[in-house]
Amino acid sequence: MPTPHRGATEPPAGHGDAEVLDLLRRRRAEDSHPGTRSDPHTLALVVGGGGMRGAYAGGMVHALHDAGLASGFDVVYGSSAGAFVGTALVLGHGRDAARIFVDDMAGKDFIDPRRFGSRNPVVSLDHLLDHILVHSKPTEWQSLVDSPVPLRVIVTHAGDLRPHVITGLPHGDDWKRAMRATAAIPLLTGPPVRIDGQGWIDGSVGDPLPVARALRDGATHVLALMTRTVGELSRHTPGDRTPLWARSLDLLAPGLGRMTQDVARHGESLALITDAAHPGRAGAHLLTIAPSRSAGVRGLTTDPDRVREATRIGHDAVHASLAAS
């Protein structure tokens, strides 16, 4: 993948403890895999969501794959688009993690705002799951059942908007349904996805960057891939205009529209990321990699040039972090 020019004023892409990358490098040198590790650590990859913003994370996973580091993780967490990017890493499709956004998702077959209010969803999960991930970028969901690296998919309960984790599913079709659930936003993709009699929606509504969850689960090292720049996450202007579709969500569940747009949802993760003495870290090693600049990609962006640039920025961010550590 081409590497864009780094502007002299761009901030460093990685923030936190370089020991996370050092552990990945040691495992690469040992050619170790889950079940054969010589170290006692648990290294988690956390991939943030955000619709087409996932292109940044796709570029990052592509870079991890190219650097020979993708096999160094013990567990992968993902919300929404981050779950799909995480799946690509777990299944060894790291390069496709970036390519799918440019080749297949940046188009009207997948996202078309003109469909808002019609019988057809603005975001077609049918096209993604039954066409793109079958014909263009084939995904063997059954492989997740026996994967030595567990995938933990974040979903949000449609009733109380609390996040939950789905993992350890026994069948490939179950995984496919879980992936539909983590990407489901009412009004944009259709109704909540029913699993075990409960309705589930987009995981990034409840937990867009599940760093705290990974730490609570016992990870000693966490690499978090962010899909917004640090500046975007730090800014929160309550008066910002909320899109009509997001305001309409409040008619289905009060507060849902604001949650889909509000960067304040990242508050818990931001506190962990920026404060090395945060009690939630409990001595764990945490490194985040964020886009160093914005390509202007948002959740529903289909401009292929912007999406391609987002994957390049993500790819470059990983290389910058590796070079700096």
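A residue counts as buried when its relative accessible area is under 20%. That cut-off is needed for helix α3 of this predicted model, which covers residues 81-90. Of its 10 residues, 10 are buried, so the helix is largely enclosed by the rest of the structure. The buried residues of α3 include Ala81, Phe84, Val85, Thr87, Leu89 and Val90. After α3 comes Gly92, a residue with a positive phi, near 80°.

The chain as a whole gives the setting for this helix. The protein chain has 325 residues, and 54% of them count as buried. It contains 13 helices and 9 strands. Among contacts with a separation of 6 or more, 75% join residues that are 24 or more positions apart. The accessible surface of the chain is about 14,100 Å², and carbon and sulfur atoms make up 51% of that surface.

Confidence in the prediction varies along the chain. The average pLDDT is 87, and 84% of the residues score at least 70. Over residues 1-12, however, the pLDDT is below 50, although this stretch has 19 contacts in the model beyond near neighbours in sequence.

The next topic is the nonpolar interior. The largest nonpolar core has 73 residues, and those touching the most other members are Met52, Leu128, Leu223 and Leu225. Helix α2, residues 54-66, gives the most to this core, with 7 residues. A second, separate core has 18 residues, among them Ala214, Leu215, Leu272 and Ala290. Met52 also shows how distant stretches of sequence meet: leaving out residues up to four places away, Met52 touches residues including Phe101, Met105, Phe110, Val297, Leu300 and Val307.

Charged side chains form pairs as well. The whole structure has 16 salt bridges. In one of them, Asp74 pairs with Arg27, and the closest N and O atoms are 2.8 Å apart. Asp74 lies in the loop between α2 and β3, while Arg27 is in helix α1, so this pair ties together parts that are 47 residues apart in sequence. Both partners fall under the cut-off given at the start: Asp74 is buried at 16% relative accessibility, and Arg27 is buried at 1%. These two residues also belong to a network of salt bridges that links Arg27, Arg37, Asp39 and Asp74.

Another salt bridge joins Asp66 and Arg95, with the closest N and O atoms 3.2 Å apart. Asp66 is in helix α2 and Arg95 is in the loop between α3 and α4, 29 residues away. Here Asp66 is partly exposed, at 35% relative accessibility, and Arg95 is partly exposed, at 41%. A further pair is Arg306 with Asp303, where the closest N and O atoms are 3.8 Å apart. Arg306 is partly exposed at 42%, and Asp303 is partly exposed at 33%.

Two loop residues complete the tour. Lys108 sits in the loop between α4 and α5 and is partly exposed, with a relative accessible area of 43%. Beyond residues up to four places away in sequence, Lys108 touches Pro113, Arg114, Arg115 and Thr302. Thr302 is 194 residues from Lys108 in sequence, yet their C-alpha atoms are 7.5 Å apart. Gly190 is in the loop between α6 and β6. Its relative accessible area is 21%, so Gly190 counts as partly exposed. Apart from neighbours within four places in sequence, Gly190 is in contact with Pro121 and Ile185.

Key: Residues are numbered from 1 along each chain as its sequence is written. Side-chain values use heavy atoms; hydrogens and water are left out. Buried means under 20% relative accessible area, exposed over 50%, partly exposed in between (1.4 Å probe, protein chains only). Helices (H or I, at least four residues) and strands (E, at least two) are DSSP runs, numbered from the N terminus. Contact means heavy atoms within 4.5 Å. Accessible areas come from the Shrake-Rupley method with a 1.4 Å probe; for residues, only the protein chains shown count as cover. A nonpolar core is a set of buried Ala, Val, Leu, Ile, Met, Phe, Trp, Tyr and Cys residues joined through side-chain atoms within 4.5 Å. pLDDT is the predictor's confidence in each residue, from 0 to 100. A salt bridge is a side-chain nitrogen of Lys or Arg within 4 Å of a carboxyl oxygen of Asp or Glu.
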